[in-house]
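Hi everyone, thanks for coming. I'd like to walk you through a structure that may be new to you, so please have a look at it with me.

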Amino acid sequence: MGQKADVVIIGGGVIGICTAYYLQKAGRQVILLERDEICSGSSYGNSGLIVPSHSIPLPAPGVVFQALKWMFNPESPFYIKPRLDLNLMSWLLRFTFNCTSGRMFASVKTLVELSRASRVLYDQLISEESIRCNYETSGLLMVYRTEEGYEEGVHEGKLMRDAGLPSKEMKVNDLIKMEPGIRSDIFGGIYYSEDAFLNPSEFVTALAQVVRDKGVDIREDIEVIGLDTNSVNGIKVKTSFGDYTCNEVVLAAGSWSPGILNGQNINLPVEPAKGYSVTFDTETPLLKHALILGEAKIGVNPLGRNLRLAGTLELAGLDLSISTRRVNAVVNSAKRYLNGGDKFTADNVWAGLRPVTPDGVPIIGRLRSHPNVLVATGHATIGMTLGPITGKLVTEILCNKGQSIDTGLFTPSRFGI
Ligand SMILES: Cc1cc2nc3c(=O)[nH]c(=O)nc-3n(C[C@H](O)[C@H](O)[C@H](O)COP(=O)(O)OP(=O)(O)OC[C@H]3O[C@@H](n4cnc5c(N)ncnc54)[C@H](O)[C@@H]3O)c2cc1C
């Protein structure tokens, strides 16, 4: 016999759990289905940086040329696994089409607004619910080894300031005074005071416990197989343990979201982009601030006594295998920016799949053909950052409340779905 719910959320990552939190607060009755354990996808081992500073979407001028150069270097931060996949081809074409400054500027302003709003929600959520997750609001340093890299950083810093986000250029001496863990032979950096960092899995699992305690029904080890949108009593969510009938569905299954819509003949243009992290014990804390190592594209999180390095972006499908060569490249690159490199190891390696759209902007909104299915995915490299605001916006849409931020840019209808 089928089970009934008001709203079913599919996926227990940062997006699904934050959505459950705000929907419960708004008085909706929620069942969340997770095929594994809570926080077993991309939300688990990511860098944990809460980064309004990272609001430049992936498709940007010059990216395709840079990507082509990196493609043939097995230690570079980017790779596309060659394969005959029509969805990937069409996604890459759309991505290339979005690599113009006009399209990029249009996204930056909204992403800055969205991520700053999310940062405020993190402050509220963590304090109101007493969540322990190593949350630090000391800002982030973007660090560059070369003058060329630094100039690019300065350009991005200006772009962010134009969009309303403070940033400060820093010469090497000031940078080292502020963060002695950085090597003295780097060139310079940019300080973003509004960025923060946390332990991502601690945040998501603690918030999941909060929502459970408030009455949200979280069910693990239940895999959603598909949807039946022709049911007369509402929408049917088909799972490995029977069907759920509900009024509305929130699809928040990250990189696995497209597969769930296959039966509806809906092509959700989300590609998995694999990244790796390594986390090691440094015995004593090496850093006080979160960092991004500019040229190497590595995120660094000083998780207390541990240090986490994360990077690379591989378009290789739903594949979580680990390339030791690329992981070693991440570790070795970090040694060129930071002191204490002898303690850096590639032991505790994790791989995750970022859900990426071809315009680099998330998809948040109802499907045109099935308005009782709301999609909340495609957050790419900033899904941790955007978790709380996404949960809030989804709740506003489902409860027909006024939108605190205009979600026009995020609507699925921009892809004709
Ligand atoms: C190396 C790396 C570093 C990153 N660093 C940062 C960072 O510093 N800051 C930042 O903001 N973002 C960062 N990100 C991006 C961020 O991790 C993602 O954007 C975010 O975690 C996406 O969250 P999600 O909830 O959409 O997906 P996920 O966390 O992947 O959650 C999806 C969930 O759905 C479940 N699921 C899948 N299929 C089904 C099904 N059929 N039925 C039921 N459940 C299902 C999965 O098991 C999973 O738990 C990083 C990502 C990577 C890989």
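Let me begin with a question: is lysine 214 buried, partly exposed or exposed? Lysine 214 counts as partly exposed, because its relative accessibility is 36%, and that falls between the 20% limit for buried and the 50% limit for exposed. Before I go further, please keep in mind that this is a predicted model.

Now, what does lysine 214 pair with? Lysine 214 forms a salt bridge with glutamate 129, and the closest N and O atoms are 3.6 Å apart. This pair links distant parts of the chain, 85 residues apart. Glutamate 129 sits in the loop between α4 (101–128) and β5 (140–144), while lysine 214 sits in the loop between α7 (200–213) and β9 (217–219). Glutamate 129 counts as buried, because its relative accessibility is 19% and the limit for buried is under 20%. So here a buried glutamate 129 meets a partly exposed lysine 214.

As general background, side chains of opposite charge can pair when their charged atoms come close. How many salt bridges does the structure hold? There are 18 salt bridges, and I'd like to show you two others.

Please find glutamate 314 and lysine 274, whose side chains meet in a salt bridge at 3.9 Å, N to O. Glutamate 314 lies in strand β16 (residues 306–315) and lysine 274 in strand β13 (residues 271–281), so this pair ties together parts that are 40 residues apart in sequence. Glutamate 314 is buried, with a relative accessible area of 6%, and lysine 274 counts as buried at 1% relative accessibility.

Next come glutamate 248 and arginine 28, with a salt bridge between their side chains at 3.0 Å, N to O. Why does this pair tie together parts that are apart in sequence? Glutamate 248 belongs to strand β12 (residues 242–251), whereas arginine 28 belongs to the loop between α1 (14–25) and β2 (30–33), so the two parts are 220 residues apart in sequence. Both glutamate 248 and arginine 28 are buried. They also belong to a wider arrangement: Asp6, Arg28, Glu248 and Arg366 are linked in a network of salt bridges.

While we are at arginine 28, look across to leucine 398. The C-alpha atoms of these two residues are separated by 9.4 Å, although leucine 398 and arginine 28 are 370 residues apart along the chain. Leucine 398 is part of helix α10, and leucine 398 is buried, with a relative accessible area of 4%.

Let's turn to the ligand. How many residues surround the ligand? The number is 37, and the closest are Glu34, Ser43, Leu49, Ala380 and Thr385. By class, this shell has 17 nonpolar, 16 polar and 4 charged residues.

Some backbone atoms are worth pointing at here. For isoleucine 15, a backbone N or O atom lies 3.2 Å from an oxygen atom of the ligand. For arginine 35, a backbone N or O atom lies 3.1 Å from a nitrogen atom of the ligand. Serine 47 has a polar backbone atom 3.1 Å from a nitrogen atom of the ligand. On its own the ligand has 1000 Å² of accessible area, and the protein covers 98% of that. Which elements give two or more residues to the shell around the ligand? They are α1, β13, β17 (349–356) and α10 (383–398).

Alanine 380, one of the closest residues to the ligand, leads to my next topic, the backbone. In general, most residues other than glycine have a negative phi. Alanine 380, however, has a positive phi near 50°. Alanine 380 is placed in the loop between β19 (373–377) and α10, and at 10% relative accessibility alanine 380 counts as buried. Threonine 312 is not a glycine either, and its phi is positive at about 70°. Threonine 312 is in strand β16 and counts as buried at 6% relative accessibility.

Last stop, the surface. Which residues make a nonpolar surface patch of about 400 Å²? Leu84, Leu86 and Met89 do. Methionine 89 is in helix α3 (residues 86–97), and methionine 89 counts as partly exposed at 36% relative accessibility.

That's my tour, and I'm happy to take questions.

Technical notes: Residues are numbered from 1 along each chain as its sequence is written. This is a predicted model: local features need pLDDT of at least 70, side-chain atom pairs count only at pLDDT 80 or more; totals for chains, interfaces and linings use all residues. Side-chain values use heavy atoms; hydrogens and water are left out. Patches are made of residues with over 30% relative accessible area and no salt bridge: like charges are joined within 9 Å, nonpolar side chains (Val, Leu, Ile, Met, Phe, Trp, Tyr) within 5 Å. Accessible areas come from the Shrake-Rupley method with a 1.4 Å probe; for residues, only the protein chains shown count as cover. A salt bridge is a side-chain nitrogen of Lys or Arg within 4 Å of a carboxyl oxygen of Asp or Glu. Helices (H or I, at least four residues) and strands (E, at least two) are DSSP runs, numbered from the N terminus. Buried means under 20% relative accessible area, exposed over 50%, partly exposed in between (1.4 Å probe, protein chains only). A residue is near a molecule or strand if one of its heavy atoms lies within 4 Å of it. A polar contact is a pair of N or O atoms within 3.5 Å; within protein, one must be able to donate a hydrogen and the other to accept it, and residues adjacent in sequence count only if both atoms are side-chain atoms. Ala, Val, Leu, Ile, Met, Phe, Trp, Tyr, Cys and Pro count as nonpolar, Asp, Glu, Lys and Arg as charged, and the others, Gly among them, as polar.
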